[in-house]
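Please read the following briefing beside the sequence and the model; it is grouped by topic, and terms are explained where they first appear.

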Amino acid sequence: MDESDFRKAERARIRITGMTCTTCAATIEKGLAETHGVGRANVNFASEEASLEYDPTKVDLAKIRDTISGLGYGVATKKSIFPVGGMTCASCVARVEKALSGVSGVISANVNLASEKATVEYTGEVGIADLRQAVKEAGYELGSEAETLEDVSTAVQREIRAVRNRFIFAAVLALSIMALGFGPSFVGKAYLLWGLATLVQFWAGWRFYRGAWGALRHRTADMNTLVAVGTSAAYLYSMVAVLFPDLFATVGMKPGLYFDTSAMIIALILLGRFLESRARGQTSEAIKKLIGLNPKTALVIRDGEEREILVEDVQVGDLIVVHPGERVPVDGVVRQGYSSVDESMITGESIPVEKKVGDEVTGASINKTGSFEFEATRVGKDTTLAQIVRLVEEAQGSKAPIQRLADIIASYFVPVVIGIAIIAFTIWYFAGPAPALTFAILNFVAVLIIACPCALGLATPTAIMVGTGKGAEHGILIRSGEALERAHQINTVLLDKTGTLTRGEPAVTDIIAVPSSSQGEVLRLAASAERVSEHPLAEAIVKAALQKKLEVSPASDFRAIPGHGVEALVEGKKLVLGNLKLMKERGFSLNGLEEKTNQLFEEGKTVMFLSLDSQVVGIIALADTLKPNAKEAVQALHKMGIETVMLTGDNRRTAEAIAREVGIDSVLAEVLPEHKAEEVRKLQERKVVAMVGDGINDAPALAQADVGIAIGTGTDVAMETGEVTLISGDLTGIVTAISLSKRTMRTIKQNLFWAFAYNTALIPVAAGVLYLVFGHTGVPPGLRFVLGDYGFLNPILAAAAMAASSITVVSNSLRLRRFKPARFGD
């Protein structure tokens, strides 16, 4: 695809089954890249998912599916049957099929006029609402889903069951072969063993041949190649021994049968694949939890009646009723009622949030107390939950830089192992002790079987899948594996002030009254004067009075004094409320409040003076107050050895006052929006920088930083630019994100160490190097089960070790599920 093709490219994510190692993923990537019309393709072995861009005018998803199938792998899709209304002839069928096929993510659509039903095969990211809208635009009506023939998860589970069943079959026959091998001889015994081994080799083990052939067609080799070649060597050697025993006699050799070796190797590798698939399924548990939060039905008001419908049938503009204890089905705005809603599953914030008319509610949150009605504003794939799931899936499918290194090594791994196996065979055949051919074949098989690129391939992506999923559970969206990796290196955090450290709206912080008055009276009179004003400072004063349940009196003769304050008549008294400049212009005495005024100014607060009949009776100070846990978050960053810097366009006095209160190390104040990115760039010359912001003016700095962290309560532009999003806006999420990154990277390094150490140590053992140690003295009794009499590794044990290595790596990654963020504010 050229540059013009990318502009019209569509994206798709396809679930793939049957992969056994990262080389399988590389084979599929290569096959897709060679398909005309396919642009970028990325296949993640751990998540078993392909992410690709393609030109729909040159290739469709059906062709892409066939390409993957042709390589020897499966595609997990969803298949559903829908009733279709309004069709009258064959041309109607063609139009409906065309409309459905035109939906991005649909693989095939077949419509039956007689039954008035459509059978649609599509990827998991397609929404029912998309299908319905396409059919509606074609002039027809697609009813609610009538029957699901197959779901993506069903197809994946079917693949896991198939591996399990083949393992059981192979294990039973392999054990039978071993039992017969140790039993007494009888006529036809060798042929019976051959027959049983053939069933294991070419039925239970057929997946390895199919995968090896797919790799060979694209001039590469993978884990399937190693297993297929290794087991075939043992099987064919034994078959020749059965059919032509005289060949061995002519060279003075007693023919040995190794059907038990080939059969048991296949059984053990299938067992490893089964256990590994189950464990890998647990790495995406966070995604399953998120998807499981979505309610199946919604109570909608239509034609004046409450109707329970499928959540897929909810449309924008519908009025939905939610009772206590129920989940909110989609995103919307409260139109009637009042309640508190638990949004912890989305934001990670445990305290229920009060909702009143005009407030937004998020799909999947739980209504705790009262009933309310809300208007649906985002449905289907546009809801907050759907977008979170999409972002987490994309992050889990992305590759971190450290993974690319492992993939490069894995790409050379299989050819190198085959080379080592051939060298080992040659050395033992021509220079080894008698029976040389037997030892050569056993070492050849052991090397091929024990080598495990799987552990290398799983080391990074499984940890990233668990790490990003764990982040989502705690209200932290990490957009890529690269961001997760870089976050552990952060040593400097830049924080925007307004909306990030602070709430972004003024609030009353101090009330000071002269002796002849009181704090309550000063606030009550000020709120009475400001009651009709729409200025943010006025709204903050009125809000403070209402919170204290003060009785606000009506005002008359209200007049706003631009840039200074207001004046009004309240209870027959003339009130003037304004700044220091207004007081001086009017010649009002501060009544001994000068010292306190200067102190409040030093703290960076906005100071309003209340004058009653030309006498100042009190001061009200306002400030953009700190967010909860802001101070604790900064302290926690300091404990991690991370420097904190405030980057703001606000004046230096206000910025430094906030910085002192929070404990921030340094301040970059009065920085224009277009210069914020330049300040970040300067720091990057000697630091690894994270930028935390919420506004449009922060977007350039977020993009420039090594890791951009957006506040979820901020603007869409900031959230799109940031590589990490804190959904709730709680700054302790910065600490959690960095801690999670450190834990994830530690896990990845442990996994890679194990994978490299395993292969480095055991491949030489499998090649027979320990014969040099034990060949003449004999193996100690305690090691003979593993190394035989002369130091040769039993190929069956090699298969068991190979299976265990992958499971060990995945299990180590799963330990990340126990990660818990630090607790604040207890």
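Which residue takes a positive phi in the hairpin of S25 and S26? Asp613 does, with phi near 50°, in a hairpin that has 2 residues between the strands. This is a predicted model, in which local features need pLDDT of at least 70 and side-chain atom pairs count only at pLDDT 80 or more, while totals for chains, interfaces and linings use all residues. Residues are numbered from 1 along each chain as its sequence is written, and side-chain values use heavy atoms, with hydrogens and water left out.

**Strand S26 and its partners**

- Helices (H or I, at least four residues) and strands (E, at least two) are DSSP runs numbered from the N terminus, and two strands pair if DSSP finds at least two bridges between them.
- Strand S26 (residues 615–626) is mostly covered, since 11 of its 12 residues are buried; buried means under 20% relative accessible area, exposed means over 50%, and partly exposed lies in between (1.4 Å probe, protein chains only).
- With strand S25 (residues 606–612), S26 pairs in the antiparallel sense over 7 bridges, and Leu612 stands opposite Gln615 in S26.
- With strand S21 (residues 502–513), S26 pairs in the antiparallel sense over 8 bridges, and here Ala513 stands opposite Gly618 in S26.

**Two open sheets**

- An open sheet of 4 strands follows the order S2-S3-S1-S4 with antiparallel pairing. Strand S2 (38–44) and strand S4 (74–76) stand at its edges with a single partner strand each, so one side of each is left without a neighbour in the sheet.
- Neighbouring strands of this sheet are turned by 35° against each other on average, direction ignored; the axes are lines fitted to C-alpha atoms, for helices over the stretch in contact, and angles run from 0 to 180 degrees between N-to-C directions.
- Within this sheet, strand S1 (residues 10–17) and strand S3 (residues 49–54) pair in the antiparallel sense over 6 bridges, and the bridge partner of Arg15 in S3 is Glu49.
- Helix H2 (residues 22–33) lies across S1, S2 and S3 and runs at about 170° to S2, where contact means heavy atoms within 4.5 Å.
- Another open sheet has 3 strands in the order S15-S14-S17, with antiparallel pairing. Its edges are strand S15 (353–355) and strand S17 (366–367), each of which has a single partner strand, so one side of each is left without a neighbour in the sheet.
- Strand S14 (residues 339–342) and S17 run antiparallel and are joined by 2 bridges, with Ile366 in S17 as the bridge partner of Asp342.

**Positive phi in loops**

- Most residues other than glycine have a negative phi.
- Asp303 nevertheless has a positive phi of about 55°; Asp303 lies in the loop between strand S10 (297–302) and strand S11 (305–310) and is exposed, with a relative accessible area of 71%.
- Asn591 also has a positive phi, near 55°; Asn591 lies in the loop between helix H22 (580–586) and helix H23 (594–602) and counts as partly exposed at 34% relative accessibility.

**A buried glutamate**

- Glu485 has its place in helix H18 (residues 481–487) and is buried, with a relative accessible area of 14%.
- The C-alpha atoms of Glu485 and Lys742 are separated by 8.1 Å, although the two residues are 257 residues apart along the chain.
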